[in-house]
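Let's talk through this model by way of a few quick questions. Have a look first, then follow along below.

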Amino acid sequence: LTCIKSLIKLSVFFLVTLIISGCSQEPQPIEYDKDSCTHCMMLITDNKYGAELITSKGKCFKFDAVECLAEYLIENKSDEMDNAALWITDFTKPSHFINAKTAYYLQNEKFHSPMGFNVLAVEDENEMKKIKDEHGGKKLNWEEIVELVKSM
């Protein structure tokens, strides 16, 4: 009987651990040239521009560019989307995700993002300034990205 109680406790522990780990809001690797953008359905091909939305329940939506992520959020307003984790690829560290709401954005015609908004994102403000000094462009934040998408 003691053995059965221990087995039940162990099973409950593993079940709870599985449930908790299944609801992670951490980004998942994008399989470039295999995954499709949730919004525009294009194949995600450029590892400098990917994005993800992870719901509070752990469901992952993948995007080919920040503008698709922003437009998807605008079109799919809900409590689940309001509490979602938003990730964007760091332009200077391909395939490395950063928080989309705190990232530094630069819009410049020299950088051809998949949907044509020509916006790149970086984690470090000094890195963004360095790119801006070298290539020019307009510095943006997350709220300005959303407004830019709304205006198009």
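Q: How many helices and strands does the secondary structure of the protein chain come to?
A: Keep in mind that this is a predicted model. From the N terminus on, the elements go α-β-β-α-α-β-β-β-β-α-β-α. Tallied up, that secondary structure is 5 helices and 7 strands.

Q: Among contacts between residues at least 6 apart in sequence, what percentage join residues at least 24 apart?
A: For a bit of background, the protein chain has 152 residues, and 38% of them are buried. Take the contacts between residues at least 6 apart in sequence, then keep those that join residues at least 24 apart: the share is 57%.

Q: Where on helix α5 do its buried residues sit?
A: The buried residues in α5 (residues 142-151) are Trp142, Ile145, Val146, Leu148 and Val149. Looking down the helix axis, they fall within an arc of 160 degrees, so they line one face of the helix.

Q: Which elements do the buried residues of α5 pack against?
A: Those residues are Trp142, Ile145, Val146, Leu148 and Val149. Their packing partners take in one helix element and several strands, namely α2 (66-75), β3 (85-89), β5 (104-107), β6 (119-122) and β7 (138-140).

Q: At the start of α5, which residue's backbone nitrogen does a side-chain oxygen of Asn141 reach?
A: Helix α5 covers residues 142-151. At its start, the side-chain oxygen of Asn141 comes to within 3.1 Å of a backbone nitrogen, and that nitrogen belongs to Glu143.

Q: Which element gives the most to the lining of the largest pocket?
A: The largest pocket has a volume of about 250 Å³. Of the 14 residues that line it, Leu73, Lys77, Asp82, Trp142 and Val146 are the closest to its centre. Two or more lining residues come from each of α2, α3 (79-82) and α5. The top contributor, with 5 residues, is α5.

Q: How many charged residues are in the lining of the largest pocket?
A: The lining is made up of 14 residues. By class, 8 are nonpolar, none are polar, and the charged ones number 6.

Q: Which element gives the most to the lining of the largest cavity?
A: There is 1 cavity of 30 Å³ or more, and the largest cavity holds about 50 Å³ of space. Its lining consists of Lys48, Tyr49, Ala65, Val66, Ile88, Thr89, Tyr105, Val119, Leu120 and Ala121. Both β3 and β6 supply at least two of these residues. The biggest share, 3 residues, comes from β6.

Q: How many nonpolar residues are in the lining of the largest cavity?
A: Lys48 and Thr89 are among the residues that line the largest cavity. The class count gives 1 charged, 1 polar and, for the nonpolar residues, 8.

Q: Is Ser95 buried, partly exposed or exposed?
A: Ser95 is in the loop between β3 and β4 (97-99), and its phi is positive, near 75 degrees, though it isn't a glycine. Its relative accessibility is 39%, so Ser95 counts as partly exposed.

Q: And Asn118: buried or exposed?
A: Asn118 belongs to the loop between β5 and β6. Here too a residue that is not a glycine has a positive phi, about 55 degrees. The cut-off for buried is under 20% relative accessible area. At 5% relative accessibility, Asn118 therefore counts as buried.

Conventions. Residues numbered from 1 in each chain as written. Predicted model: local features only at pLDDT ≥ 70, side-chain atom pairs only at ≥ 80, totals over all residues. Heavy atoms only, no water. Buried < 20%, exposed > 50% of the residue type's maximum accessible area, 1.4 Å probe, protein only. Helix = DSSP H or I, 4+ residues; strand = E, 2+ residues; numbered from the N terminus. Arc of directions from axis to C-beta. Contact = heavy atoms within 4.5 Å. Polar contact = N/O pair within 3.5 Å; in protein donor to acceptor, adjacent residues only side chain to side chain. 1 Å grid on protein atoms, 1.4 Å probe; cavity = no way out; pocket = protein on both sides within 12 Å on 5 of 7 lines; lining within 4 Å. Points joined across faces, edges and corners; volume = space filled by probe spheres on them. Nonpolar A, V, L, I, M, F, W, Y, C, P; charged D, E, K, R; others polar.
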